[in-house]
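Thanks for coming, everyone. I have one chain to show today, and I'll go through the fold, the helix contacts and the pocket.

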Amino acid sequence: MQVCLGRMFESDPGFSAHYDGIRAGLASWFRQIIDESARAHGIDPDTATWQ
């Protein structure tokens, strides 16, 4: 679920504007750290789905 939320933070214009308004690139950085955490826990973020 967190991977899916991270995707939304980056791709949704409202969410990305909010996070990038705090600091440029923050939305992408946030998604990337969520993806790395998923990998560390054995989840492939490229195939993760909301369940």
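**Pocket, helices and annotation**

Let's start with the largest pocket. Helix 1, residues 2-11, and helix 3 each give at least two residues to its lining. Keep in mind that this is a predicted model.

Which helix supplies the largest share of that lining? Helix 3 does, with 3 residues. The space in the pocket is about 160 Å³. Now the full lining. At the start of the chain we have Met-1, Gln-2 and Val-3. Further along come Ile-34, Ser-37, Ala-38 and His-41. Ile-43 and Ala-48 complete the list. For anyone thinking about chemistry, the lining splits into 6 nonpolar and 3 polar residues, with no charged ones.

Step back to the whole chain. There are 3 helices and 0 strands. Reading from the N terminus, the order is α-α-α. Along the principal axes, the C-alpha atoms fill a box of roughly 30 × 20 × 10 Å.

Next, the packing. Take helix 1 against helix 2. Their axes come within 5 Å, and the crossing angle is roughly 80°. An angle of 65 to 115 degrees counts as roughly perpendicular, so helix 1 is roughly perpendicular to helix 2. Who makes the contact? From helix 1, Met-8, Phe-9, Glu-10 and Ser-11. From helix 2, Pro-13, Phe-15, Ser-16 and Tyr-19. By class, that contact has 5 nonpolar, 2 polar and 1 charged residues.

Now helix 2 against helix 3. Helix 2 covers residues 13-22, and helix 3 covers residues 26-40. Here the axes come within 7 Å and cross at roughly 105°. That angle makes helix 2 roughly perpendicular to helix 3. On the helix 2 side, the contact uses Ser-16, Tyr-19, Asp-20 and Ile-22. On the helix 3 side, the residues are Leu-26, Ala-27 and Phe-30. This contact divides into 5 nonpolar, 1 polar and 1 charged.

Look at Ser-16 and Tyr-19 again. They take part in the contact of helix 2 with helix 1, and they also appear in the contact with helix 3.

Last item, the record. An unreviewed UniProt entry carries the annotation "domain: TipAS antibiotic-recognition", and it covers residues 1-35. How far apart are the end C-alpha atoms of residues 1-35? They lie 11 Å apart. That span is 86% helix and 0% strand.

To recap: 3 helices, a roughly perpendicular crossing of helix 1 with helix 2, another of helix 2 with helix 3, and a largest pocket of about 160 Å³. That's my slot.

How values were computed. Residues numbered from 1 in each chain as written. Predicted model: local features only at pLDDT ≥ 70, side-chain atom pairs only at ≥ 80, totals over all residues. Heavy atoms only, no water. Axes fitted to C-alpha atoms, helices over the stretch in contact; angles between N-to-C directions. Helix = DSSP H or I, 4+ residues; strand = E, 2+ residues; numbered from the N terminus. Parallel < 35°, antiparallel > 145°, perpendicular 65-115°, else oblique. Contact = heavy atoms within 4.5 Å. Nonpolar A, V, L, I, M, F, W, Y, C, P; charged D, E, K, R; others polar. UniProt positions renumbered as here; feature names shortened; annotations may be inferred. 1 Å grid on protein atoms, 1.4 Å probe; cavity = no way out; pocket = protein on both sides within 12 Å on 5 of 7 lines; lining within 4 Å. Points joined across faces, edges and corners; volume = space filled by probe spheres on them.
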